[in-house]
Amino acid sequence: MLILLKKRIMKNKILLMRCLRNSFFLIVIILLMMGGFSCNYLDVVPENVSTIDDMFADRYAAEKSLASCYWAIPRLSHTWRNPADLGSMEIILNKENRGRTSMKLALGEDNASSPLVNYWSGTSDNIRSVYAGIRDCNTFLDNIESVKDLPRLEKDRMIAEVKLLKAYMHFQLIYFYGPICPLRISPPVDESIKGTRVYREKIDDCFQYVLDLVNEVIESNALPPVITNRQSELGRFCQAAAYFIKAKVLVYWASPLFNGNVDFNDFLDHNGEPFFNQTYNAQRWVEAAKACKEAVEYCEENDRFRLYNTNDYVAVKPLSSEYLLIQTLRASVTESFNVETIWSGTAHGYAKSDGSLQTECMPRLESPSASTNPTPGRNSVPIQTVELFYSSNGVPIEEDKEWMEGTGKLYENRFQVRSSDEEHKGKIQLGEQTASMNFDREPRFYSSLGFDRGKWYGNHYKNTPDNELDCLFPKARFGEFSFNVSPGQYNTTGYWPKKLVAIESFFNDANTFYSYRMPFPEMRYADLLLLTAEAVNESKDVPDAEVYRYIDQVRARAGLEGVVESWQKYSENSDKPKTKSGMRAIIQRERKIELAFEAQYHWDTRRWKTAPRELNRLIQGWTVNENEVEAYYRLSTIYTQRFYSPRDYFMPIPESDIIKNPQLVQNPGW
């Protein structure tokens with residue numbers, strides 16, 4: 001179909017222009033077909049200089065150039081292109097797939113001579129240099145005023161979008177690499193070689209440049225409050241996205257990795273001065289809290305962005321209130337462009353254009369009748385991630401009085417086998433056996449995780465069951481239909497990230513799976529609320545109602561009581577929410593749960609500087625090559641994870657770029 005479209009475009013330019021003006025997505029598709037994205041790091045003058053005039057000849061050409069700027073954003077919803085998807089072992093692959101890029105990153109096998117994920121200068125395997133994308137933004141800003149048939153309001157909106165894209169890409173480079181070389185302008189043609197001889201700048205200067213750009217966008221008020229034309233403009237930035245980015249930038253700048261980091265005191269720039277400020281600045285948290293609250297207020301006043309709730313989810317058939325909540329929590333992530341999504345990466349690629357991300361997260365729900373098109377379900381959730389989710393009381397299982405002190409000794413016996421009963425039959429198949437730790441957990445546990453004998457509502461080709469009691473469930477022990485015996489095709493822990501499988505995806509039959517192409521929600525309102533809770537807590541000496549307000553909204557949507565009530569009733573550490581450090585730990589745990597598998601944990605654990613403590617550990621799962629229940633539910637160590645400090649806080653700059661530009665300073669440890 002795309003080939004036919006391309007032929008029609010070549011024959012009829014007028015038809016092309018009409019189509020493109022009616023569909024922003026089609027711009028991106030055409031660009032991909034034409035392959036017009038080759039460029040090199042900081043070679044800041046496009047190779048096709050003679051075509052610059054054509055790129056901005058008219059409104060259609062300007063729209064096409066805008067699309068190319070969006071396309072330049074790193075495709076962070078692609079597992080092998082995003083170091084955060086598997087890079088901190090929040091999800092893992094089996095040992096037969098340890099050679100895949102994402103697993104090699106997680107296992108500490110990156111290198112400076114040939115970086116595994118190279119967004120600095122780009123690679124030959126479709127990872128494009130972010131600097132090349134920034135260069136496209138500069139080219140756009142330098143030439144957009146020359147477009148004659150573009151109305152002023154549209155022109156101002158495009159300028160604001162591209163400035164925000166430029167800021168966002170610089171920000172991504174910062175948390176990828178630390179100090180960067182801000183590409184404020186593109187040098188002229190005769191200075192292109194000299195332009196590559198740039199210095200990395202101090203981290204504070206890098207953050208300030210990003211912040212200045214975002215402030216320009218917000219103050220221009222040129223972006224629309226929301227994207228209303230879903231047919232032609234989905235994936236473009238709105239004003240709420242600008243507020244979100246500003247809030248996140250300031251939270252990162254205030255975080256321990258970037259604020260008074262003495263661990264990098266000998267990481268020096270070309271003048272022999274530390275790249276990182278050496279004195280903690282508490283005011284940064286005050287500024288971050290202010291920006292976060294402004295972002296929340298903008299969303300509240302606009303009444304378009306809020307938490308997705310049970311009234312938003314449309315069930316095909318009546319569900320119990322308990323399961324309606326579970327499905328709602330899934331849909332808050334997978335339902336396209338819902339009220340919680342501030343911005344998704346639609347304009348630069350779906351969550352997985354070939355559907356393989358969801359396929360890798362989906363177990364078989366019945367025995368196949370053929371071996372064609374198998375559903376691998378290889379994306380595996382380690383026990384360490386599973387244990388993060390709260391008990392049904394809304395507190396950590398290792399703090400819950402009922403789990404620690406109750407007659408059943410739930411925490412001590414969490415790895416033992418237990419049979420499902422009437423009370424739990426809606427979540428675990430009645431009469432079947434599974435691990436005790438799969439019982440009595442919070443709703444997000446069941447919306448986020450699939451497991452052996454755990455109910456999996458939907459995603460099946462047969463008629464939707466009348467209720468959750470009749471829905472299917474994985475049988476994951478060796479030899480059963482959910483365990484794929486093909487080499488390298490199996491789930492290695494016994495848990496699947498159900499959260500990443502769209503509710504609209506389904507099996508065509510017992511043998512084939514159709515993945516609904518869901519946009520990846522890179523900016524979500526729940527994320528903003530938790531960033532706000534964190535920033536407000538850090539800006540105060542003692543947490544108060546303002547801190548609780550933001551985190552409790554997220555907890556209430558998940559069916560949990562507020563932090564103060566939950567800890568007072570159920571935790572062995574009842575005063576934890578009353579101290580700044582206690583609330584810090586609670587907020588961090590809440591982010592790990594609410595944003596699980598959304599590529600946030602990797603960066604959070606680094607900016608918090610908790611990675612050395614959290615990421616030096618055994619990575620475990622069930623003994624999945626056993627078919628007897630008691631043998632299956634024994635812990636098995638799959639990997640030993642190592643975080644090498646300070647090296648692993650940032651990715652290496654390619655050695656080839658260091659050779660080309662001796663002014664560049666390599667990151668510590670590389």
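In this predicted model, Tyr70 is a buried residue, its relative accessible area being 0%. Phe237 is likewise buried, again with a relative accessible area of 0%. A search of the whole structure returns 43 aromatic pairs, and Tyr70 and Phe237 make up one of them, with ring centres 5.6 Å apart and planes at 50°, a tilted arrangement. Tyr70 belongs to helix 5 (residues 59-71), while Phe237 sits in the loop between helix 11 (203-220) and helix 12 (239-254), so this pair ties together parts that lie 167 residues apart in sequence.

A second pair worth a look is formed by Phe258 and Phe276. Phe258 is buried at a relative accessible area of 1%, and Phe276 is buried with a value of 1%. The two ring centres are 6.3 Å apart and the planes meet at 15°, so the pair counts as stacked. Both Phe258 and Phe276 are found in the loop between helix 12 and helix 13, and the pair therefore ties together parts 18 residues apart in sequence. Ring pairs also draw these two residues into a wider cluster, which links Phe207, Trp253, Phe258, Phe264, Phe267, Phe275, Phe276, Phe643, Tyr649 and Phe650.

Charged side chains come next. The whole structure holds 55 salt bridges. In one of them, Asp136 meets Arg128, with N and O 2.6 Å apart. Both partners are buried: Asp136 has a relative accessibility of 14%, and Arg128 has a relative accessible area of 13%.

The bridge between Glu294 and Lys290 offers another setting, with closest N and O atoms 2.7 Å apart. These two residues are four positions apart in helix 13 (residues 283-302), which means that about one helical turn separates them. Glu294 is partly exposed, at a relative accessible area of 25%, whereas Lys290 is exposed, at 51% relative accessibility.

Lys578 and Asp575 form a further salt bridge, in which the closest N and O atoms are 3.4 Å apart. Here both side chains belong to partly exposed residues, with relative accessible areas of 42% for Lys578 and 44% for Asp575. Elsewhere, salt bridges with shared partners join Glu340, Glu442, Arg444, Lys499, Arg524, Arg555, Arg557, Glu590, Glu594 and Glu598 into one network.

Attention now turns to the cysteines. The search of the whole structure finds zero disulfides. Cys137 shows how this comes about in one case: the closest cysteine sulfur, that of Cys69, is 4.2 Å from the sulfur of Cys137, which is too far for a bond. Cys137 is buried, with a relative accessibility of 0%. Cys292 is also buried, at 0% relative accessibility.

The interior also contains empty space. In total, 13 cavities of 30 Å³ or more are found, and the largest has a volume of about 250 Å³. Its lining consists of 22 residues, with Gly87, Leu105, His602, Arg606 and Asp648 lying nearest the centre of the cavity. Helix 7 (101-106) and helix 23 (601-607) each provide at least two lining residues, and helix 23 gives the most, with three. Sorted by class, the lining of this largest cavity comprises twelve nonpolar, four polar and six charged residues.

Some features of the backbone round off the picture. Most residues other than glycine have a negative phi, and most peptide bonds are trans. Against that background, the peptide bond from Ser645 to Pro646 is cis, with omega near 5°. Pro646 is placed in the loop between strand 10 (635-641) and helix 26 (655-660).

Positive phi values appear at two non-glycine residues described here, Asp440 and Phe597. For Asp440 the angle is about 55°, and the residue is located in the loop between strand 3 (433-435) and helix 18 (443-448). For Phe597 the angle is about 70°, and this residue falls in the loop between helix 22 (580-594) and helix 23. Phe597 is buried as well, with a relative accessible area of 2%.

Notes:
Residues numbered from 1 in each chain as written. Predicted model: local features only at pLDDT ≥ 70, side-chain atom pairs only at ≥ 80, totals over all residues. Heavy atoms only, no water. Salt bridge = Lys/Arg side-chain N within 4 Å of Asp/Glu carboxyl O. Buried < 20%, exposed > 50% of the residue type's maximum accessible area, 1.4 Å probe, protein only. 1 Å grid on protein atoms, 1.4 Å probe; cavity = no way out; pocket = protein on both sides within 12 Å on 5 of 7 lines; lining within 4 Å. Points joined across faces, edges and corners; volume = space filled by probe spheres on them. Nonpolar A, V, L, I, M, F, W, Y, C, P; charged D, E, K, R; others polar. Disulfide = S-S within 2.5 Å. Phe/Tyr/Trp six-rings, centres within 6.5 Å; stacked < 30°, edge-to-face > 60°.
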